Amino acid sequence: MAPGKKGVLERLDAGEVVIGDGGFVFALEKRGYVKAGPWTPEAAAEHPEAVRQLHREFLRAGANVMQTFTFYASDDKLENRGNKLSFTGAQINEAACDLAREVANEGDALVAGGVSQTPSYLSCKSETEVKAIFKRQLDVFIKKDVDFLIAEYFEHVEEAVWAVEVLRETGKTVAACLCIGPEGDMHGVSPGDCAVKLVKAGAQIVGINCHFDPMTCVQAVKMMKEGVEKAGLKAHYIVQPLAFHTPDCSCQGFIDLPEFPFGLEPRILTRWDMHKYAREAYNVGIRFIGGCCGFEPYHIRAIAEELTQERGIVAAGSEKHGMWGAGLEMHTKPWVRARARRDYWENLKPASGRPLCPSMSSPDGWGVTKGHTDLMQQKEATSQDQLKQLFDRSKSH
């Protein structure tokens, strides 16, 4: 950590708002640097300029955490289902740490090293085997001396607890995020009970990321907070949701939506939706507020702008953005100048422009999770026979 920078716990203990960054895999997939399907982060080594630029855009937008682009960078995921890469997990993770640190040093930002759920857990590998995967990633984070650690995107609290137990051995601050909603994890453990397990395992910051929209995630974190307080424990809280509306999702979240991942654009939240999210999260008592898949820098800027008074900081990116559309006062057309006001944007109900599209979808409800034969992973590429079976099965849902 750079001299003079406060750590994440120091900031949270002081009541400060910590703003996370956005969803790197989705943002970089749209830019042509990540392959949808594997969702692996080899771009950190293959195209460092793209990853560096996205870090800078989030920093300019107001983020003060640069999370390493190490999502799904465990060796068992990098080699899963025929995914052939020219870089090792260690090389990717080292490159990601260097990029995050370079940009963090350009502002008052911290570097967070991140690990996520593993194919090995879904394939029912042992606790020892799964923990060994986290340990290999952790070796890089120790070598690069990240400021704190995040265990994120876990569908099962059991695996998240294993991750926290490994990460806490470093003595660094540990945050833990589950990708669950109010219904709980994939084995039915409630958000409150999940949070208690994570805190007891050693996480100082607990919460939710991904799979659901902001308000659903805030609701789930609120349930976590209630569970922790009822158990007589203490923690800080984090929320990093999707930038997509998901009112029709089941417990598996947005990956069950038929639009996932290539048809989600009509569901994207506006910057004004993000203002509401930031305020709701703050009012619930969450102080680490960021984003996950679908979040672009302008979404993070909206969070920073909504909480400008509480933070006492104006994001650099706001130099080019008038609050509540104020910049439209300079527009040449009078009817557009008439939109330069808060009440207009707060009350707007955006149209999709798609006359034949429904407002809701029917999620795929296959109802399988860890332990089911359908989720046993393999190194070999998915065969055409395997795909045909899936295609045939999907038609019956």
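**Notebook: the annotated span, its sheet and H156**

I began with the record: the unreviewed UniProt entry carries the annotation "domain: Hcy-binding" for residues 6-307. The model I am reading is a predicted one, and in it I looked up how that span is built. The C-alpha atoms at the ends of residues 6-307 lie 19 Å apart, and the span is 45% helix and 12% strand.

Next I traced the sheet, which is open, has 8 strands with parallel pairing, and follows the order β1-β8-β7-β6-β5-β4-β3-β2. I noted that β1 (18-19) and β2 (65-67) stand at the edges, and because each has a single partner strand, one side of each is left without a neighbour in the sheet.

For one pair I went into detail: strand β5 (residues 174-178) runs parallel to strand β6 (residues 205-209), and the two are joined over 4 bridges. Within this pairing I found C177 opposite G207 in β6.

I then turned to a helix that packs on the sheet strands, and recorded that α6 (residues 89-104) lies across β2 and β3 (110-116), with a direction at about 155° to β3.

Last, I looked up H156, which sits in the loop between β4 (148-154) and α9 (157-167). Is H156 buried or exposed? Its relative accessible area is 1%, and since buried means under 20%, I entered H156 as buried. Leaving aside neighbours within four places in sequence, I listed the contacts of H156 as Y121, L122, L178, D185, M186, H187, T369 and K370.

Note on methods. Residues numbered from 1 in each chain as written. Predicted model: local features only at pLDDT ≥ 70, side-chain atom pairs only at ≥ 80, totals over all residues. Heavy atoms only, no water. UniProt positions renumbered as here; feature names shortened; annotations may be inferred. Pairing = 2+ DSSP bridges. Contact = heavy atoms within 4.5 Å. Axes fitted to C-alpha atoms, helices over the stretch in contact; angles between N-to-C directions. Buried < 20%, exposed > 50% of the residue type's maximum accessible area, 1.4 Å probe, protein only.
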